[in-house]
Amino acid sequence: NIFFDNIDYIRKLDASGKARPCILDNVERSLLCHTCYLGFDQFECTDCDNWNIIPHSCHSRFCNACGVKYAKQLAAKATSFCLDCPHRHIVFTIPEELRNWFRQDRTRLNLLFVASRNTISILTNKSLADKLKKKKLSDTHYIFKDIPVRNEFGMIATIHTFGRDLKWNPHIHCLIPELIYSFKRDKIKTFHHFNFIKLRKTFQFELIRLIQEAGGLKKPEEKNRLYKDHPKGFYVYAKFKSNDNDSNNASSNKNSKDIQGCVNYFIRYAGRPAMAENRITEYNKESKTVSWFYNDHKDEKRHDVTDNVIDFINRLIIHIPDYHFLTTRYYGFYANASKKTLDKVHALLGIKKNKDYSRETRTKALKNKLNKLKYRTHLIDSFNRDPIQCKCGAIMQYTYTYNPLEDKRNDRTYRKRCIDEMYKMRLRRRST
């Protein structure tokens, strides 16, 4: 309702060039989600000639409904290849003075992923890092990427550009197995000691190095000020919680031995908006205000906020990711290009635990999980309702699909016409 009533404001921003093109597209698609304007699949009952249509979803990264399903699918895929061992949840954050630099050009957010990846690579290859430092070899963009004698780690990284208060605060969440693989020895070994001081200072050094490589921090005093103002390095959260039955479920899931719960917590905001709808307490159309709340990280106290509706919209749309920007990435033996290495690691872990972790077993388990997340099975599991079951008890048969965008060259024009039509019908219903 908030965006439906203020769609003209988003259109004006787009027409004036003040908003990125992805903003209007994502907002319009989310408004049309699960309506026949995006097309539908028709099903008919062969027993009683009854019929039903299932509208298509928008698949927008700004839609809460589609985002929840996408996050579940992503979590299922991650769980299928994650190692059966404890994982550490690490959060890499940047100081406030660097945040606007990343907002000016959003392609720079890629550097946060690389800096996080390099930090873990250096920590898991300490002796190798010391040797290369003595030889005074220049650092590459991806540290130790092409060195065959390195220790290989696993890492799933996702970016959040928001804090709980919806401010622009880009930071990286990483999920790292406490186990590394040695290419030289062809063996696996546990790695659960993360030196907090080393984490912070290494991340600080790597990020500053990459920023300079990208043309930022041109003046030496800017770089020196960052080191002077942050002598302990940039803030990194990697605290280990040994008690999995902690009363604070959100915290305990970060280091849970149950990999499914760990991944679910970690990836929950990978494809969803910056804010869940249940945090909005009131939308007043007359005063044009939105009331919402958040719990502060420092004290976990609830803070109630009342914003002008335009300010609230601005808070949300800055966090819509650009086209084709990957918010979740994989490194080390979790990378897509390292499937053979991951198979070796799974095989070695399987011998150690006397379990079958073969690719065939993992693929079969993944298919079963993804089948449960299909539209029909997901609806049955969530609401105990079969969308294609007729009133007579028979299962309807698929007949055809209607896709209104199949022959449309400009789907923006089509979406605008659909939303305007919805708005007119809505106004007529109010007046009667």
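Two strands count as paired here if DSSP finds at least two bridges between them. With that in hand, here are some notes on this predicted model.

1. **The three-stranded sheet.** Strands 2, 1 and 14 make up an open sheet, in the order 2-1-14, with antiparallel pairing. Strand 2 (51-55) and strand 14 are the edge strands; each has a single partner strand, so one side of each lacks a neighbour in the sheet. From one strand to the next, the twist averages 25 degrees. Strand 1 (residues 40-44) and strand 2 run antiparallel and are joined by five bridges. If you would like a landmark there, look for Glu 44, which stands opposite Trp 51 in strand 2.

2. **A tyrosine patch.** Strand 14 covers residues 397-402, and Tyr 402 belongs to it. Together with Tyr 398 and Tyr 400, Tyr 402 makes a nonpolar surface patch of about 320 Å². The relative accessible area of Tyr 402 is 36%, so this residue is classed as partly exposed.

3. **Cysteines without disulfides.** You may wonder about the cysteines, so here is the count: the structure holds zero disulfides. A disulfide is a covalent bond between the sulfur atoms of two cysteines. To be counted as one, a pair of cysteine sulfur atoms must lie within 2.5 Å. For Cys 33, the closest cysteine sulfur is that of Cys 58, at 3.7 Å, which is too far for a bond. Cys 45 has its closest cysteine sulfur in Cys 48, and the 3.6 Å between them is again too far for a bond. Cys 33 is buried, at 12% relative accessibility, and Cys 45 is buried as well, at 4%.

4. **Strand 11 and its two hairpins.** Strand 11 (residues 289-295) has five buried residues out of seven, so the rest of the structure largely encloses it. Strand 10 (residues 280-284) pairs with strand 11 in the antiparallel sense through four bridges, and Tyr 283 has Val 290 of strand 11 as its bridge partner. Four residues lie between the strands of this hairpin, where Lys 288 takes a positive phi near 55 degrees. Strand 11 also pairs with strand 12 (residues 302-308), antiparallel and over seven bridges; Phe 293 has Asp 304 in strand 12 as its bridge partner. The hairpin of strand 11 and strand 12 has six residues between the strands, and Glu 300 in the turn has a positive phi of about 60 degrees.

5. **Salt bridges across the sequence.** The structure holds 25 salt bridges. In one of them, Arg 11 and Asp 420 meet at 3.1 Å, N to O. This pair links distant parts of the chain, since Arg 11 sits in helix 2 (residues 7-16) and Asp 420 in helix 16 (residues 411-431), 409 residues apart. Arg 11 is buried at 13% relative accessibility, whereas Asp 420 is partly exposed at 25%. Asp 322 and Arg 20 form another salt bridge, with their closest N and O atoms 2.6 Å apart. Asp 322 is in the loop between helix 12 (309-317) and strand 13 (328-332), and Arg 20 is in the loop between helix 2 and helix 3 (21-31), so the pair ties together parts 302 residues apart in sequence.

6. **A buried pair and a network.** Glu 152 and Arg 150 form a salt bridge of 3.0 Å, N to O. Glu 152 is buried, with a relative accessible area of 5%, and Arg 150 is buried too, with 12%. Finally, a network of salt bridges links a set of residues, among them Asp 8, Arg 11, Glu 28, Arg 415 and Asp 420.

Key. Residues numbered from 1 in each chain as written. Predicted model: local features only at pLDDT ≥ 70, side-chain atom pairs only at ≥ 80, totals over all residues. Heavy atoms only, no water. Patch = residues over 30% accessible without salt bridge, like charges linked within 9 Å, V, L, I, M, F, W, Y side chains within 5 Å. Areas by Shrake-Rupley, 256 points an atom, 1.4 Å probe, with all protein chains shown as cover. Salt bridge = Lys/Arg side-chain N within 4 Å of Asp/Glu carboxyl O. Buried < 20%, exposed > 50% of the residue type's maximum accessible area, 1.4 Å probe, protein only. Axes fitted to C-alpha atoms, helices over the stretch in contact; angles between N-to-C directions.
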